[in-house]
Amino acid sequence: PGASATCVTVECNRVFLTLCFDSIVSIQLAFVCKQVAMAPGISSGFDPLAGNGGKNTAKSSKKAAKAEKAKNANASAAALDGRKEMLGAMMDANQQEMIVRRDYQQAMLQHGNDHIETFRKGTKLADLCYHTGRFQEAEPLLRQSLAIAEVHEELGPDHIETAKIVNNLGNVLRKLGKTEEARPLLERALKQTTEIFGRVHQHTDIARANLVELLDELGHAVAKVGALNILQKSLEDDEAAEEGPTKQARIAASLRGLADMQAKTGQHDAAEKSLLRAIAILEEVAGPNSSAVGGTVGFYANMLRTQEKYALAEPQYERLLKMTKAAIGPSHPQVAITGKALAQIRLKLGKKEAASEVAQEAEAILRNVAGGVSIPLADMLGVSATVHEAMGEGEKAAAAKKEAEEVRAKVAAQVEGADASMKAAQDKVKAVMMARQQQQARDNNNAPPGMEAPAPLLNPTQERLRKKLEAKQSPAESKPADDSAAPQQ
């Protein structure tokens, strides 16, 4: 599940509009191959060893082959439909971006850099770049939008749109590693959103989370204490808020965020109390087996494991494993990931047989994922080898280690093949695009005056270079008769 969604990336989205269909399929298959090798949640859906153990008669084999052929045909048709649907969505996204970029360029040409219309179109393009991860392209657009917003009579420095741009620019700078420059912007964004929406509001929550993440990334003690104070104040605000359907859930979320920062600043006992309180609240609000409780239990178990409190961590992992099986089924890869952690915890506690039991279960699940070729399986085999060594089973430990190395080698080969396929498809894309540009140039040369094909869309930098080139190539204007009347350059 999710294979089609997994293989979509920003760079693919940007070029898919001009691709012929076979190139699209090539790139998609390359990404799928790469993701199948790396991600535990994608199953091959085909097990050639399942079922009969080699005892079928010729008739049953023929019947099974026919059924398998029909199954594969249906799967191929469904996959083709999925690729067509994905292609349509990506073409729509590319078309939308082309329109947004064109509108921004037209606004720049018609109104200049500091017009409100340029602000609107530039902000829209900046949002698109921001949400598709193109932060370097988003930064100058957001800077331009902020400069317009702060001085324009319709907006001003305290307007909600200005606060949004300040927040997004701070996040972009944080993503680009410019943390010192990002900090005052994110602090300003939190102050503005608090003044506009109040301390208990989803927009304020977002601005607060962005600033806390930045302070955490700065790493030094002063920044982390600042983040801790912000989170403590947020919890107090949630507790003081009026009663409502979401109040308890907000308190639980604040407690979990506070516990994370308390653990990072060495306040382990306080972090444990915060998480236990959050779990109790969620059990009452959402039920003891809800996904919200499961996520917080997992967070608590991982925290205890990091602190090497294995005796306390074991019952939390046992509860999490039981909840995971009930929620998504006993053979889901996430069950294996949780089982692997539980096996490691039990080894630390000296419970070898119990560790071996859960390790075998996790290994069996991961062998059915991605055809038995995945990094999670290789990691699980390493854990199994450790279990065998603890139980004095040297030969089994050596075999598990050898198999883990073989699986890693197969994964590396698949990734290398996927990269090669991707490069070949991209080369084909470039050839298609070059052919289109050459055809467009020929059409322009042969077209009558006024009927030339439309010029390709250019980004702002390309547009400025085009204008400079045209200015250099245009014939020099005749010099005025009176040199003193000539304008200063």
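**Exercise 1. Place threonine 118 and classify its burial.**

Solution. Threonine 118 sits in helix 5 (residues 116-131). Helices here are DSSP runs of H or I, at least four residues, numbered from the N terminus. The model is predicted: local features need pLDDT of at least 70, side-chain atom pairs count only at pLDDT 80 or more, and totals for chains, interfaces and linings use all residues. Residues are numbered from 1 along each chain as its sequence is written, and side-chain values use heavy atoms, leaving out hydrogens and water. Next, accessibility. Buried means under 20% relative accessible area, exposed over 50%, partly exposed in between (1.4 Å probe, protein chains only). Threonine 118 has 0%, so it is buried. Now contacts (heavy atoms within 4.5 Å). Leaving aside residues up to four places away in sequence, threonine 118 touches Tyr104, Ala107, Met108, His111, Gly112, Asn113 and Gln144.

**Exercise 2. Classify the aromatic pair.**

Solution. The structure holds one such pair. The ring centres of tyrosine 130 and phenylalanine 135 are 6.1 Å apart, with planes at 70°, so the pair is edge-to-face. The rule: rings of Phe, Tyr and Trp (its six-membered ring) pair if their centres lie within 6.5 Å; planes under 30 degrees apart are stacked, over 60 edge-to-face, the rest tilted. Both tyrosine 130 and phenylalanine 135 are buried.

**Exercise 3. Check the length of helix 17.**

Solution. Expected span is 1.5 Å times one less than the number of residues. Helix 17 (residues 375-390) has 16 residues, so it should span 22 Å. Its end C-alpha atoms are 23 Å apart, which agrees. Glycine 392 follows helix 17, with a positive phi near 75°.

Notes:
Helix = DSSP H or I, 4+ residues; strand = E, 2+ residues; numbered from the N terminus.
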